[in-house]
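Subject: A structure for you to look at

Hi,

Here is the structure I promised to pass on to you. Have a look at it first, and then read on for what I found.

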Amino acid sequence: MSFLKGTVVSLVLFTFSHPLFADSLQYEDVKATPTFALAKMGAVYGSFKNVSDTPLLITGLQVDAEIAASVELHESYIKDDMASMKQLNLPFTLAPQQELVLRRGGKHIMLIGLQQPLTSGMQFQLTFSLQDQEAITVPVVVSEAVQQDSAEHKHHHH
Ligand SMILES: [Cu+2]
C-alpha cells in the first residue's frame, strides 16, 4: 500500500504549508548554501515577514533529524577584522509588518551537526514554532544563489 502511504504524507505536508498560515508569516527565497563533504554546519538564508497586525514570536526552529541535529538563529559580525557569529536567543520577536532578512554576513539560520553534506538541488523542511499559533513548515532548497549582504540586495517591495 505504498501509494496510500504516499498520499497521507503529501496531505500532511499540504496541511503544514497551507496558505492560511501565510497570513502571519510570509517567506521567500529560502535557500541553504551547499557545503563540503565533511561539513558539520550549514546556513539558511531568506526573507521572513510578519504580515499580521500583531507581534509574532518565533519560539523554536526544527529540521529533520536526517538533515541536522539542531537549528539556531545566528548573527555574523566583524571584530578585529575577524568574521565571527553569535547565537540569538529565542523567542525572536517580529513586530507587525517587520521583515527578518537572513543573508550572508548578517543574520542566518545555522544547521548544527549536519548528518550529510548539503548539495545543490537538495530540499528539506524547516519548521518555525510560533507562540499561540500553528508551527509553519518552510521548504528550503540548497542553492548557490543566496542573498548577498550587499547594496544591490534586490528585494522587491510592494
Ligand atoms: Cu552561524
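Leucine 126 has valine 138 in β10 as its bridge partner. This is a predicted model, so please keep that in mind as you read. The bridge between those two residues belongs to a wider pairing: β9 and β10 are joined by 7 bridges and run antiparallel. Together the two strands make a hairpin, with 2 residues between them.

Now look at the turn of that hairpin. Aspartate 132 sits there with a positive phi of about 60°, in the loop that links β9 (123-130) to β10 (133-142). Is aspartate 132 buried or exposed? It counts as exposed, because it has 8 C-beta neighbours inside 10 Å, and a residue with 12 or fewer is called exposed. You can also find threonine 59 from here: its C-alpha lies 9.9 Å from that of aspartate 132, although 73 residues separate the two in sequence.

β10 has another partner too. Strand β1 (residues 25-32) runs parallel to β10, and 2 bridges join them. On this side, valine 141 in β10 stands opposite lysine 31.

Finally, the whole chain. It holds 1 helix and 10 strands, and the helix comes before the strands as you read along the sequence. Of the 158 residues, 20% are buried. Among contacts between residues at least 6 apart in sequence, 70% join residues at least 24 apart.

Enjoy exploring, and write back with any questions!

Best wishes

Definitions and conventions: Residues are numbered from 1 along each chain as its sequence is written. This is a predicted model: local features need pLDDT of at least 70, side-chain atom pairs count only at pLDDT 80 or more; totals for chains, interfaces and linings use all residues. Helices (H or I, at least four residues) and strands (E, at least two) are DSSP runs, numbered from the N terminus. Two residues are in contact if their C-beta atoms, placed from the backbone, lie within 7 Å. Two strands pair if DSSP finds at least two bridges between them.
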